[in-house]
Every structure is written in structure tokens, then in C-alpha cells.
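Welcome! Here is a short tour for someone meeting this molecule for the first time. Take a moment to look it over, and then read on.

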Amino acid sequence: MSKYDSKYLEDKLKKELEADYVSVTDESDGCGGKFSAIIVTSAFNGKTLLQKHRLVNSTLAEELKEIHAFSQKSYTLEEWEKVKAQ
């Protein structure tokens, strides 16, 4: 069982990436082993998808040592507005 929960991960990502929006969902029935995240921040401006994911993964480097599965959707503000409009 992981010592991390959705709220902890959301708070860390918001703070470290100065994110405008973060939503983390625990998909592991509460054991904290599997999470999915949506992250929206201007820190992603000008970055490729791989660069965005590496930035998030480096931000959560310690946590990902204990989390078994972590999926992410990483958007700039502009990209997020387009996604929400669909």
C-alpha cells in the first residue's frame, strides 16, 4: 500500500509546476498503487508531449518509486481550452 493519495499528488503537482488545474484519480480502490492525472500548466508551453511527461515524472520521482502505475494527460492552458470545448 502506497503512502500517497490523490490529494497529496494534486497538491505537490500544483505547487511544484505552478499548475492552473490538476486532477488526480486513485484507480486502485484505495491502495494508492495506481493513479491517473490531468495536469494543466503554462510550464508545458513549448514542450513536446515527452518533455511534459518527463517534467511531471521528475516532479514525482520519489513518489513514483512506490506507485505501480501512473498515467497522465498533460496540457498547456491553450490545449486544455480546446479539450474542454469538445
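Among contacts in the chain between residues at least 6 apart in sequence, what percentage join residues at least 24 apart? The figure is 54%. Please keep in mind that this is a predicted model.

**The overall fold**

Let us begin with the building blocks. Four helices and three strands make up the chain. Reading from the N terminus, you meet them in the order α-β-β-α-α-β-α. The radius of gyration comes to 13 Å, close to the 12 Å that the globule rule gives for 86 residues, so the chain is as compact as a globular protein of that length. If you would like a feel for its extent, the C-alpha trace spans about 35 × 25 × 20 Å along its principal axes.

**Inside and outside**

How much of the chain counts as buried? Of its 86 residues, 37% do. Turning to the outside, the chain exposes about 5400 Å², and 49% of this area is supplied by carbon and sulfur atoms. The chain also carries 13 positive and 15 negative charges, and the mean positions of these two sets are 4 Å apart.

**A cluster of rings**

Now for a detail that you can look up in the 3D view. How many aromatic pairs does a search of the whole structure find? It finds three. One of them joins Y21 and W80, whose rings are stacked, with 5.2 Å from centre to centre and 20° between the planes. Y21 belongs to strand β1 (residues 21-26) and W80 to helix α4 (residues 77-85), so this pair ties together parts that are 59 residues apart in sequence.

W80 has a second partner in Y75: the ring centres are 5.5 Å apart and the planes meet at 40°, so this pair is tilted. Through such ring pairs, Y21, Y75 and W80 are linked into a cluster.

Here are the two pairs side by side:

| Pair | Centre to centre | Angle between planes | Arrangement |
|---|---|---|---|
| Y21 and W80 | 5.2 Å | 20° | stacked |
| Y75 and W80 | 5.5 Å | 40° | tilted |

Is W80 buried or exposed? W80 is buried, with a relative accessible area of 13%, and Y75 is buried as well. Y21, on the other hand, is partly exposed, with a relative accessible area of 34%. The cluster of Y21, Y75 and W80 therefore brings together two buried residues, Y75 and W80, and a partly exposed one, Y21.

Technical notes. Residues numbered from 1 in each chain as written. Predicted model: local features only at pLDDT ≥ 70, side-chain atom pairs only at ≥ 80, totals over all residues. Heavy atoms only, no water. Phe/Tyr/Trp six-rings, centres within 6.5 Å; stacked < 30°, edge-to-face > 60°. Helix = DSSP H or I, 4+ residues; strand = E, 2+ residues; numbered from the N terminus. Buried < 20%, exposed > 50% of the residue type's maximum accessible area, 1.4 Å probe, protein only. Rg over C-alpha atoms; globule rule 2.2 N^0.38 Å. Contact = heavy atoms within 4.5 Å. Areas by Shrake-Rupley, 256 points an atom, 1.4 Å probe, with all protein chains shown as cover. Lys, Arg positive; Asp, Glu negative; His and termini not counted. Charge placed at Lys NZ, Arg CZ, Asp CG, Glu CD.
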